[in-house]
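User: I'm new to reading protein structures. Could you take a close look at one part of this one, the way the helices of the second chain pack against each other, and then set that part in its surroundings?

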Amino acid sequence: MAETFFEKPPGRVYRGFKQAFMMTPAIDTTTLTRRFGDFTAVDNVNLRVDAGQFFGFLGPNGAGKSTTIKMLTGLLAPTSGSIRILGEDFEVRSAEIKRQIGVVPEGMALFGRLTAGEYLQFVGRMYGLDRVTTLNRTRELLEFMQLADEQKKLITDFSHGMQKKLAMAAAVIHGPKVLFLDEPFEGVDAVAAGTLKAMLQRMIARGATIFLTSHVLEIVERLCTHIAIIHRGRLVAQGALDELRAGARRTGQAGIEAGAAPPEAEKRSLEQIFLEIVGTDREGNPGAVTPEQELSWLS
Amino acid sequence: MVELTGSQSLPDSMSPIPASTQLLAVAWLRWRIFVNSTFRRQPKNKRQIAGLVFAILLRIVVWPILALMMVGPIVGSGFLAWLAISEGRPQGLAGLLLGIALLWQFVSINGLSIAASIHSFDPASLVRFPLRFGRYFVLRSLLGLLTASTIVGSLALLAAALGIGIADASLALPALVAMAVYALMNIYLTRMIGAWMDRWLANRRFREIFSMIMALSFAAIQFMNLQRAPMRAHGARSGLFLSAMHSSGPYVYWLPPGFAAQAILLAKHPLAAFGQFAALLASTALFAAVFAIRLKKQFLGEYLSEGVSRRVSQQAAPRVRMPALEAAAQSAPAAAGAVFSSTVAACLRKDWIVLRSNGTQLIGMMTPLLLVAIFSMNRAFSSSFSGYFLPAAIAYTLLGVLGPLYNVFGADGRGAQLYLLAPIRMRDVVVAKNLMSLAMVVAESGVAWIIICVFSRARIPVSAQVSTALWTVFVVALNLAIGNLRSIQAPRYFVPGQSRQPRGGTPTNRTSGLLVLGVLFGSMLLQIPVAMASSYFELPWLGAWVFLPFAAAAVFAYAFVLRNVEHLILEHRDVFAEELCKA
């Protein structure tokens, strides 16, 4: 099989480098806070994502996921706190860090009046790839994302799913070490979703770090090794999935810091854990409304 | 599966990206957007082809007119500069440069709508790429250099430099250098104003305050204009203007136009000229620095959107009661539910909530009324044009409120899908939209009418009032009919009261905008022969008899369009969905 541009050639030297590299967290935030006027969207978040992790970042709507991603990728300034990506302070070395990360943002941020090929070429050049590399990768990515037949179409005429695939292609064209994905599978068909998942898993196998938000908990459960849950701007849980299972079972409510998983940890689904943690109000009372309680007029 | 083999030719990923690579990439991006927007439009049916042909013809007519309008100031600048030096009145040069700077800002502000209609991209979106701030600043300085204001201003300065050079060859080189720096100063001044205005206008409260200040400024200027210089006294007005220019002369020497003028005129005294040139450079640097401060905030990830009500969203949501919705429903026109069908009443409520929160639009509606009041109070003006004053004033007030009739669904954006999905008649939705628009038209023209009747010193005969009323019915009904057609055929998504529109466009389709003007001015032209004939033949009720059938025909046309709304929306639902639902 041909070697992909996401991977480094495996070998003794590389493994040594990978071990050393993995000692530095890929993403590390300290008391990260963002306020909008009186509203605190992200409140003292201490997040640590080790290199090589497939990290799921979950939370209900309006919990602060996208705001956190925007801060981690330099699109939004934090009100206070610090961000370190690959060991570097974002405030000090933003340009260098941006070269090492790829982003599929919430609104995709595509230029609608370009074709897919033109857009990828532009992104490649902005990330400093030389012309030949950019052209080669553009061609490969368009084929990989099954967009090669749409070369004459403007992006504005693409379907939502096609735009999502293009945004993903643009996010990886420069071979990033850390990839931030905000709802990457939203609107993507099953075939393309399968292709994308396989690509992401290969990236992880080759040492990349992926930071993913999604409301589809089955996907997160299947892909991610580590998970954090944000609720009303506060980080309420963080750890490996098994650790979360143990922690959630132990406390039964939000505000846990995941501990070591006992071997007999009950294998509950991520959805159950998630609902257990965020389905409570600030006092810890169940907040979810049962169908019997409300909307009785629904057939 | 296709495998991503890629090229491994990236030798050292952390070596700096050459500035030329990124600058050229952005230039290429801008070029491709221009090419794709200009040559890749693919009309799908005959109507779209006709629209494209019409748009091209329009440009062929309008652009040369715009160009001719710009030739005057450019040639005039060259001539005045030559005159100032050759006639030995060098003090006029500073005034000329001040005039060019004002022209630059004027074209910049008025060219915004033209710039908005040209497809481009938001330069602020470049912050996500690995750029250093310095490079971002250079990019932001370069992007938009080919705007009308820069072209016209630079050419005017070049013409002035040529004029100076022709008058006195020894001043040619200093003039060219000083004008080049002065052009740079104007570029940064425009950028600085634009960037800070963008920042402030992102806030709704500021937009409302700004609109209020602008409205009062226009009214104050008109008020002073009429008070200080009665009609037909052009000499007096010119004298006032010239004396204002003359008295401002000494102050201009402490401003960049004065620095530039002195740097040229004192060329034979190198030290003094250098001092003035340094002051010009310093003012350019100052404007660039203030512009850079704004860009730096943007670069670091500034949040400008007004967003949602923050305080409410942080608290636990009430489970059953929704006081905000209840309050909104209660404050909507109370009788709506009782008089109209539930669809019409619901749409009216919704549009009322949107209008109520759009202070900018409400303030915008006040401006024509203020001006009508000022003109009505001026005896010389209202009595000089007593026959035409009422219809002209009503036409003027209508100008602002007729435009929205041509894009009644624009503010709904994706929400317009609901009209297609819900089991309702589209006609009810259009009726609700028209009723809301009509309420605004009646309020605006009604208040203007009362102002004219109360403040105008000359009595307006009943026959003239009836004639104007029938003419107003004709114009409004015709605009409603054509507006409904255009709202379905060529809708355009926009956010009410927001200066920067989501797609960088204007709130109304350009063709629709021209139609509004065409219908209004066409019907105004109809007024003139009717008023003349009425006066000549001493038939005061002639206007009423002429406009009665016109009004009846327009109402019939409106009813006809309304009757066919369901068919129209079915026929155009693809455009409707594409323009609004993909917003």
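Analyst: Here is a walk through the helix packing, followed by the loops, the cores and the other chain.

A little housekeeping. This is a predicted model, so local features need pLDDT of at least 70 and side-chain atom pairs count only at pLDDT 80 or more, while totals for chains, interfaces and linings use all residues. Residues are numbered from 1 along each chain as its sequence is written, and chains are lettered from A and ligands numbered from 1 in the order in which they are written.

Chain B has 25 helices and zero strands. Helices and strands here are DSSP runs numbered from the N terminus: H or I over at least four residues for a helix, E over at least two for a strand. Of the 583 residues in chain B, 33% are buried. Buried means that 20 or more other C-beta atoms lie within 10 Å of a residue's own, exposed means 12 or fewer, and partly exposed is in between, with C-beta atoms placed from the backbone. Take the chain B contacts between residues at least 6 apart in sequence: 80% of them join residues at least 24 apart. A contact needs two C-beta atoms, placed from the backbone, within 7 Å.

Now the close look. Start with α15(B), residues 342-356, and α20(B), residues 426-455: their axes come within 8 Å and cross at roughly 45°. Axes are lines fitted to C-alpha atoms, for helices over the stretch in contact, and angles run from 0 to 180 degrees between N-to-C directions. The pair α15(B) and α20(B) is therefore oblique. The cut-offs are under 35 degrees for roughly parallel, over 145 for roughly antiparallel, 65 to 115 for roughly perpendicular, and oblique for the rest. The crossing of α15(B) and α20(B) is right-handed; that word means the near helix is turned clockwise from the far one by less than a right angle, and left-handed means anticlockwise.

On the α15(B) side you'll find T343(B), V344(B), C347(B), L348(B) and D351(B), and they meet α20(B) residues including V429(B), A432(B), K433(B) and M436(B). Sorted by class, this contact has eight nonpolar, one polar and three charged residues. Nonpolar covers Ala, Val, Leu, Ile, Met, Phe, Trp, Tyr, Cys and Pro, charged covers Asp, Glu, Lys and Arg, and polar covers the others, Gly among them.

Next, look at α11(B), residues 270-299. Helix α10(B), residues 256-265, packs against α11(B) at about 145°, with the axes 8 Å apart, and the crossing is left-handed. Among the residues that meet here are F259(B) and A263(B) from α10(B), and F277(B) and L280(B) from α11(B). That contact has eight nonpolar, three polar and no charged residues.

Helix α7(B), residues 172-201, also packs against α11(B), this time at about 25° with axes 8 Å apart. The two are therefore roughly parallel, and they pass in a left-handed crossing. By class, the contact of α7(B) with α11(B) has 20 nonpolar, two polar and three charged residues.

Two loops of chain B are worth a visit. L255(B) sits between α9 (234-252) and α10, and it is partly exposed because 16 other C-beta atoms lie within 10 Å. N378(B), in the loop between α16 (359-377) and α17 (379-384), counts as buried because it has 21 C-beta neighbours inside 10 Å. The C-alpha atoms of N378(B) and S456(B) are 7.7 Å apart, although 78 residues separate them along the chain.

What about the cores? In soluble globular proteins, nonpolar side chains tend to be buried together. A nonpolar core is a set of buried Ala, Val, Leu, Ile, Met, Phe, Trp, Tyr and Cys residues joined through C-beta atoms within 7 Å. In the largest one, of 139 residues, Y119(A), L166(A), I210(A) and I264(B) touch the most other members. Apart from it lies another core of 63 residues, including V344(B) and I451(B).

Finally, chain A has ten helices and eleven strands, and 49% of its 299 residues count as buried. One residue there to look at is L86(A), which has a positive phi of about 50° although it is not a glycine. L86(A) lies in the loop between β5 (80-85) and β6 (88-89).
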